[in-house]
Protein chains: 2
Amino acid sequence: MSDYPFLKACRGEATEFTPVWLMRQAGRYLPQYMAVRSKCTFLELCKTPELAAEVTIQPIDYLGADAAILFSDILTPVEPMGLKLDFVPGPVFESPVRSMADVDALRIPDPEEGVPYVMETLRILRRAFEGRVPLIGFGGAPFTLACYMVEGKGSKDFAHIKKMMYAAPDVYTALMDKITEMDRLYLNAQVKAGAQAIQIFDTWGGIVSPTDYEKFVLPYTKKLIDGLDRSVPVIHFVKGAGTMLDLVNRAGSDVVGLDWHVNLGKARDILGPKIGVQGNLDPTVLYAPHAHIEREVKRILDENAGRPGHIFNLGHGILPNVPPENAKFMVECVHRLSGR
Amino acid sequence: MSDYPFLKACRGEATEFTPVWLMRQAGRYLPQYMAVRSKCTFLELCKTPELAAEVTIQPIDYLGADAAILFSDILTPVEPMGLKLDFVPGPVFESPVRSMADVDALRIPDPEEGVPYVMETLRILRRAFEGRVPLIGFGGAPFTLACYMVEGKGSKDFAHIKKMMYAAPDVYTALMDKITEMDRLYLNAQVKAGAQAIQIFDTWGGIVSPTDYEKFVLPYTKKLIDGLDRSVPVIHFVKGAGTMLDLVNRAGSDVVGLDWHVNLGKARDILGPKIGVQGNLDPTVLYAPHAHIEREVKRILDENAGRPGHIFNLGHGILPNVPPENAKFMVECVHRLSGR
């Protein structure tokens, strides 16, 4: 198992070729996924282990990706904390967290009781993938989960969470402490259920200034990572954090995920030789003609310049209208151009 | 006139205190503005010189800002190119530009004929402000205007413009050439009508990778700036460009605008001592208690460390629900803490 190229790259070891997977590779661009999804809601899909496993396996069969990632949503474990979740189609919490009383009411459930379907999905997948590809578990970073819980939905300005940070730091701290502990239990339970790597998604970590990131975001991510079962590698992806990779690095992951706003080579120079990187193709490049896709894959491989510890990926999730054959072609390019 | 602290700072000269203004200072957060706005549509306000001038003056009276900026919209000059514009409330072009035929159909009107109301507003304002504050004119960067013209409205993924860049570079180039020439005429006409500085807003310049910025965005902004009447200073603001300030700098402006994702001091180190900076308070900080606002103003002034050529501003436009007294307090803090 530890010879999987993906896991070797996570550990910074040399690999025969550059392993590749795509964030949101089990998603709407794939007709096979849509066929399953047409028969149930998004939440039902997350909560039905056989179906969640099926859509996790599809892109491995179709794309030939070098790692599989659990199909779920970062907000799945928040619902059993006591917040009713819906997708319309974006996530909505009908009663957002705004006060200390709201925070006090949040529970920290045992993951096997709160989200048994996630753990069962992981167990099914681990058996299905044994000897074929490694299985990545994942969770949202505490700050990103807090953004959704406080805003109640996606936001442009994130006014509510920032007001809480600035004007009610005691409420903010209590909330973040509680989320961080939930997250720690959740991710460690995923490892126990079979996850062979953990990716932490901090989708909104880049909305704050570097000063605020250091004060309000980093301490909780660092505490989370410090509390994880480190028998598996941890990948930490903060979207929009290209100007503060030094701070992101201090959270202590094995691999740092990069969006497409940074030059991968320069990012590696900042992070240092011991830290792996994952990324960083602009997802819209998959709309382009094959020649352009190949050129961009080559550019990123060239920026890495053969350094061990590179996992190829998109800089964010694959977009819903991408032609599937373009995603498959990208995977082929990565393999071919990196020596497979 | 050239003794205005704002203009001295634009030229990199020492000032007795740090000049400050707020992007979108004539805006919805201000009850005086809403009183005017309640009697007409947004486009009517842009197209009625007396009203546009009135709302431009309001924040100077109320906030005590050190510069005024023309009230208009970056898309105002695009309409007379032949694209019907509406605000619902975001901007919408009912017939987006997608083909070479669409590009060929675009006109490049004389600004005095295409947007006479903008030029008249500038003339009114210049007379009204003489001896009091300098007047900033502005326009969208070619790429940002192209984003709206091709997408037809705001976008999350900017799939249409990126598809055009990657798959139809001839159409993209023809469009960008035409926009750049329109922009050049438009901004030079603003200077002739009384603008004492020009700000170029590249709201979407940060959505592309540094590689794509260098290839698809920078050449047009540079060509625009090279073609401007440089008897007035040029401020170049690219949102989300903190990872590529070296490239932004190559466009050749006098001042680079900074969003809140960068440390202002580090940005100055990258840009070099000859380039001024404008920014960079997170707009949401204006939701915070006064003590926090003051702390953040001080932090940014400290990051600048007394270097000449700093214009204080927000890192993006002021948000609609900010208490006006918080904006006024911020201006007072900048003045008091910088020695006025």
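**Exercise 1.** Does A:A68 count as buried or exposed, and what is its count of C-beta neighbours inside 10 Å? Find its place and its contacts as well.

*Solution.* The model is predicted.
- Step 1: locate the residue. A:A68 sits in strand β1 (residues 68–69) of chain A.
- Step 2: count. There are 26 C-beta neighbours inside 10 Å.
- Step 3: apply the cut-off. A residue is buried at 20 or more. A:A68 therefore counts as buried.
- Step 4: list contacts, leaving aside neighbours within four places in sequence. A:A68 touches A:T56, A:I60, A:L125, A:F129, A:V133, A:L135 and A:I136.
- Step 5: take a distance. A:L301 is 233 residues from A:A68 in sequence, and the C-alpha atoms are 21 Å apart in space.

**Exercise 2.** Check the length of helix α4 (residues 49–63) of chain B against the span expected at 1.5 Å a residue. Then describe its buried residues and what follows the helix.

*Solution.*
- Step 1: the helix has 15 residues. The expected span uses one less than that number, so the helix should span 21 Å.
- Step 2: compare. The end C-alpha atoms of α4(B) are 22 Å apart, which agrees.
- Step 3: list the buried residues. They are B:A52, B:A53, B:E54, B:V55, B:T56, B:I57, B:Q58, B:P59, B:I60 and B:L63.
- Step 4: find their partners. These buried residues pack against α2 (31–37), α3 (42–47), β1 (68–69), α7 (116–129) and α15 (324–337) of chain B.
- Step 5: look past the end. B:G64 follows α4(B), and its phi is positive, near 75°.

**Exercise 3.** Work out the strand order of the sheet in chain B, then examine its edges.

*Solution.*
- Step 1: read the order. Seven strands run β1-β4-β5-β6-β7-β8-β9 in an open sheet of chain B, with parallel pairing.
- Step 2: find the edges. β1(B) and β9 (310–314) of chain B each pair on one side only.
- Step 3: take the β1 edge. Two bridges link β1(B) to strand β4 (residues 135–140) of chain B, in the parallel sense. Here B:I69 stands opposite B:I136.
- Step 4: take the β9 edge. Strand β8 (residues 276–281) of chain B runs parallel to β9(B), joined by five bridges. Here B:L281 stands opposite B:L314.
- Step 5: test the cover of β9(B). Five of its five residues are buried.
- Step 6: split them by face. In a regular strand the side chains alternate between the two faces of the sheet. B:H310, B:F312 and B:L314 lie on one side of β9(B), with B:I311 and B:N313 on the other. Both faces are covered.

**Exercise 4.** Classify the packing of helix α8 (residues 142–151) of chain B on α9(B). Then place α9(B) on the side that touches chain A.

*Solution.*
- Step 1: get the geometry. The angle is about 105° and the axes are 8 Å apart.
- Step 2: classify. Angles of 65 to 115 degrees count as roughly perpendicular. α8(B) and α9(B) are therefore roughly perpendicular.
- Step 3: name the residues. α8(B) supplies B:A146, B:C147, B:V150 and B:E151, while α9(B) supplies B:H160, B:I161 and B:M164.
- Step 4: sort by class. This contact has five nonpolar, one polar and one charged residues.
- Step 5: turn to the interface. Here 27 residues of chain B are in contact with 27 residues of chain A.
- Step 6: assign elements. On the chain B side, α9 (159–167), α11 (210–226) and α14 (290–304) each supply at least two residues. α9(B) gives the most, with five.
- Step 7: sort that side by class. It divides into 12 nonpolar, 10 polar and five charged residues.

Methods: Residues are numbered from 1 along each chain as its sequence is written. Chains are lettered from A and ligands numbered from 1 in the order in which they are written. This is a predicted model: local features need pLDDT of at least 70, side-chain atom pairs count only at pLDDT 80 or more; totals for chains, interfaces and linings use all residues. Two residues are in contact if their C-beta atoms, placed from the backbone, lie within 7 Å. Helices (H or I, at least four residues) and strands (E, at least two) are DSSP runs, numbered from the N terminus. Ala, Val, Leu, Ile, Met, Phe, Trp, Tyr, Cys and Pro count as nonpolar, Asp, Glu, Lys and Arg as charged, and the others, Gly among them, as polar. Axes are lines fitted to C-alpha atoms, for helices over the stretch in contact, and angles run from 0 to 180 degrees between N-to-C directions. Angles under 35 degrees count as roughly parallel, over 145 as roughly antiparallel, 65 to 115 as roughly perpendicular and the rest as oblique. A residue is buried if 20 or more other C-beta atoms lie within 10 Å of its own, exposed if 12 or fewer, and partly exposed in between; C-beta atoms are placed from the backbone. Two strands pair if DSSP finds at least two bridges between them.
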